[in-house]
4 protein chains.
Amino acid sequence: MSDDPISGGPVSAEFIADLAAASRILAEEGVVDAAGHVSHRHPDASDRYFMSCAMAPALVTPDDIIEFSLDSDPCVAGGRGGSIERFIHGEIYKARPDIKSVVHSHSPSVIPFGLVDTKMQAMFHMAGFLAGGVPVFDIREKFGTTDILVSDGPKGVAFAACLGDKPVVLMRAHGSTACGKTLQDAVFHAVYTEVNARIQHWTMGLSGGGPMAVLDEEEGRLADAVNQGARGRAWDLWRRRVRDDTGW
Amino acid sequence: MSDDPISGGPVSAEFIADLAAASRILAEEGVVDAAGHVSHRHPDASDRYFMSCAMAPALVTPDDIIEFSLDSDPCVAGGRGGSIERFIHGEIYKARPDIKSVVHSHSPSVIPFGLVDTKMQAMFHMAGFLAGGVPVFDIREKFGTTDILVSDGPKGVAFAACLGDKPVVLMRAHGSTACGKTLQDAVFHAVYTEVNARIQHWTMGLSGGGPMAVLDEEEGRLADAVNQGARGRAWDLWRRRVRDDTGW
Amino acid sequence: MSDDPISGGPVSAEFIADLAAASRILAEEGVVDAAGHVSHRHPDASDRYFMSCAMAPALVTPDDIIEFSLDSDPCVAGGRGGSIERFIHGEIYKARPDIKSVVHSHSPSVIPFGLVDTKMQAMFHMAGFLAGGVPVFDIREKFGTTDILVSDGPKGVAFAACLGDKPVVLMRAHGSTACGKTLQDAVFHAVYTEVNARIQHWTMGLSGGGPMAVLDEEEGRLADAVNQGARGRAWDLWRRRVRDDTGW
Amino acid sequence: MSDDPISGGPVSAEFIADLAAASRILAEEGVVDAAGHVSHRHPDASDRYFMSCAMAPALVTPDDIIEFSLDSDPCVAGGRGGSIERFIHGEIYKARPDIKSVVHSHSPSVIPFGLVDTKMQAMFHMAGFLAGGVPVFDIREKFGTTDILVSDGPKGVAFAACLGDKPVVLMRAHGSTACGKTLQDAVFHAVYTEVNARIQHWTMGLSGGGPMAVLDEEEGRLADAVNQGARGRAWDLWRRRVRDDTGW
């Protein structure tokens, strides 16, 4: 059933170009390095998504984008292979109909928060989306000793369950995953999770365990609502920086 | 009364070009990212100021500069909109006749000092302007649970009152605002507040709570007076780096 | 006996170009600065290796690559001299037949782990190769007070013995050395040792001496096995970034 | 007597070009920003030195280099003015006949070591020149409350006395000054003082006050002697990076 799924239908060149650009944006902003990936649900077929083949995100162009079923099987058999961790994306799209785009990364400043008891908190209004809590997925709990990767459906299901209804989830000894209702949302969440992590490192260095006047949950909710405009302005900036020779 | 205010009169192309360049300088120096803004009071009309429309500061050109009344209403109705936080600027210009330019930013290394009890202090002579004290504005004190933004006149008034007679004010869970008697002053204050924050993080890491031989208030005042020359040299460097294709 | 060793035979231009490129990659990725070097064992003669002459790694081109015996004597007498620390490479190739490539560097974030009792541990799956332990070589133990450099055969022998069967060894008050079964492996190990060091600094800052859920040895072994694909993708990215004008 | 001193005689265009390039190198390597300066003693007249006029170091070209007496008076009256802190240079040249070049900077990672009781130590062989100790100049001790700057002869004399026979001296709430027997030496000392500071911040974060196996004084002396080659290779790299359009 999951072999050779059929395509959800054609999408615009701009849609594909924006998804490829998002990959380069995440590299440019330091969220991904030689690994990491961003996907987008098919705009007309909620049971399909698009993601690049397995390659360095800084190099992704529209020709590298592949369509997958939510079981993370490619719609064109025999083509280039997808990331071993594409199940992160497929299983989140199954579990969260509201989510249209997913970013997975290994940002160095975020990883520490998946290794210790300290919770990531929202340090400023731009990271208001974190104020509702940031869960940590430890693959050991359900799968024992593994290679750490979310490399099949069952691991993806457990991972998506840990994400719950939140926009961001950390992954022990691995990285993190950010989601959004649009491609712009997901990229914004990924970038500002990284910025917030740096601010929290510095703040905890100053506080020495003392109180920190972080955003509370309601402040976070209100700040996040008003940040929709900031998301668009950030996207305009980032998108322009990675525009390629052909104008995409 | 505040709808459709009339313009304070024409200003030179160089004035507008410098203000747009200041926006790009702040992006280049890492003080602002996709958000933040810089304004300048009208040189001939003290009840008007100029600022870009709501956009990423790295992209601002002279065409993006808008004139506002001190109630932060645009002088040309129906044009592009100003930042939701333009009241930061308008209310400071009302409260502080000596101030001609204002920078608002979310610099990551500065934000921690708005979240903990540790005061920002002047770590070196280039930041002598901080030695008189750096207040912290917590919007909760007067306005309870909000979206954190200084998004209307009353919030701007309270914010300007917290700034008092200082050049820099921190904003809890938000960022900071730097002021100056000239555009060059305000940009210099914004950049060196960021540099000073990084130095203080490192110094406190070394001191482990022990004494730090920071600038005292009188040393800061003397150092700041002699820094006028340094401001000009810094501006020459920064201005050249962001010069655009048309020579501005 | 070790004077004027004969060459192990011609190698492809691509082989030499890749080795020179690896040098520039390490500079680009911040692993080496004005010092440091990377070598590769001769593909057809296991008792020879190639390395640049003594120069800044960012400037290395194919013309700068020299062939050495495992006693670290150049195969062409009277040419440009090799690094004073080339014995690091020669003695590892003698002691470790499985190793084909070696990187020596002074990466600032790695050096602290050679100065204190804290062990470097594997913070995430990309650094799974570190989970088996990272030895520290202190040249004082066998050689007393020295100039710190591994500058002759006996020091190289002691150094290679400290490395043992591991891929990475730290050097007290000096730097570190990373090895691999291929050039890509060695460069990957060098880059991710640096990234892992930064993550560990931040994690220990958060943990305050408390537990850190790092990779255990078996997780590291499994993650490292699956990272072979990641190595290739990383190389593709890095190699493209340093491609020179002639296409190499 | 110190007004209108006569020139020590013509010097080569290459000498002046290298000095101007050193200024741009220090900017490129992050040692100086909008302020800071580097000087070189006249090669044929030990009572004269060359330094740029007061300007941002990143912008210095050969045309900006001025000749001074050791009282820090310019040899050409009525020309562009020198830095207010040129007495740092003149008084060191008087007190230390062995010194031919001086760099003054406000490197952010170095400043903390001038504010706390923690001594800067040599973390690795490239900074062996620091192992003999790094004094801290506190201008308050002799001059009370000042603007912090070494802005006249008497302050320069006290400052040079604090430097003593060392290559580097820190300045409380100000910055640091590095000296050398050649221009290359002074630049190398300035760059690696900055790198060493960063390593020490990270090492002390790990050690938590525990022992650090830094270079001892004799190791430092031996490592520094062998670093002469590294200085040349570093200069080759840095010099090439700032070469200007005219080939200088």
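## Helix α5 of chain A

The expected span of a helix is 1.5 Å times one less than its number of residues. Let's try that on α5 of chain A in this predicted model. The helix runs over residues 183-207, 25 residues in total, so it should span 36 Å; its end C-alpha atoms sit 35 Å apart, which agrees.

How many of the residues of α5(A) are buried? The count is 20 of 25, leaving the helix mostly covered. Just past α5(A) comes A:Gly208, with a positive phi near 55 degrees.

## Where chain C meets chain A

Let's turn to the chain pairs. Here 28 residues of chain C are in contact with 29 residues of chain A. Interface size is often quoted as the accessible area lost when the parts come together. For chain C and chain A that comes to about 2500 Å², with 71% of it on carbon and sulfur atoms.

Charge pairing is easy to list: the count between chain C and chain A is one salt bridge. A:Arg172 and C:Glu219 make a salt bridge through their side chains, at 2.8 Å from N to O. There are also seven residue pairs in polar contact between these chains, with both residues at pLDDT 80 or more. As for the side of chain C that touches chain A, α5 (183-207), α6 (217-226) and α7 (228-241) of chain C each supply at least two residues. The largest share, seven residues, comes from α5(C). By class, this side of chain C has 18 nonpolar, three polar and seven charged residues.

## Where chain D meets chain B

Now for chain D and chain B: 29 residues of chain D are in contact with 28 residues of chain B. Together the two chains bury about 2500 Å², and 71% of that is on carbon and sulfur atoms.

Which residues form the salt bridge here? The side chains of D:Arg172 and B:Glu219 do, with N and O 2.8 Å apart. The salt bridge count for chain D and chain B is one, and seven residue pairs are in polar contact, both residues at pLDDT 80 or more. Sorting the side of chain D that touches chain B gives 18 nonpolar, seven polar and four charged residues.

## Pairs that stay apart

Chain B and chain C do not touch, and their nearest C-alpha atoms are 10 Å apart. Chain A and chain D do not touch either; there, too, the nearest C-alpha atoms are 10 Å apart.

## A loop serine in chain A

A:Ser83 belongs to the loop between β3 (65-69) and α2 (87-95) of chain A. Is this serine buried or exposed? A:Ser83 has a relative accessible area of 9%, so it counts as buried, the cut-off being under 20%.

Beyond residues up to four places away in sequence, A:Ser83 touches A:His37, A:Met51 and A:Ala54. Closer along the chain, a polar atom of the A:Ser83 side chain lies 3.0 Å from the backbone nitrogen of A:Glu85.

## A helix phenylalanine in chain D

D:Phe87 sits in helix α2 (residues 87-95) of chain D. Its relative accessibility is 13%, so D:Phe87 is buried.

What does D:Phe87 contact, leaving aside neighbours within four places in sequence? The residues are D:Asp71, D:Ser72, D:Val150, D:Ser151, D:Asp152, D:Gly153 and D:Gly156. As for D:Phe68, 19 residues away along the chain, its C-alpha atom is 10 Å from that of D:Phe87.

Terms used
Residues numbered from 1 in each chain as written. Chains lettered and ligands numbered in written order. Predicted model: local features only at pLDDT ≥ 70, side-chain atom pairs only at ≥ 80, totals over all residues. Heavy atoms only, no water. Contact = heavy atoms within 4.5 Å. Buried area = accessible area lost by both parts, 1.4 Å probe. Salt bridge = Lys/Arg side-chain N within 4 Å of Asp/Glu carboxyl O. Polar contact = N/O pair within 3.5 Å; in protein donor to acceptor, adjacent residues only side chain to side chain. Nonpolar A, V, L, I, M, F, W, Y, C, P; charged D, E, K, R; others polar. Helix = DSSP H or I, 4+ residues; strand = E, 2+ residues; numbered from the N terminus. Buried < 20%, exposed > 50% of the residue type's maximum accessible area, 1.4 Å probe, protein only.
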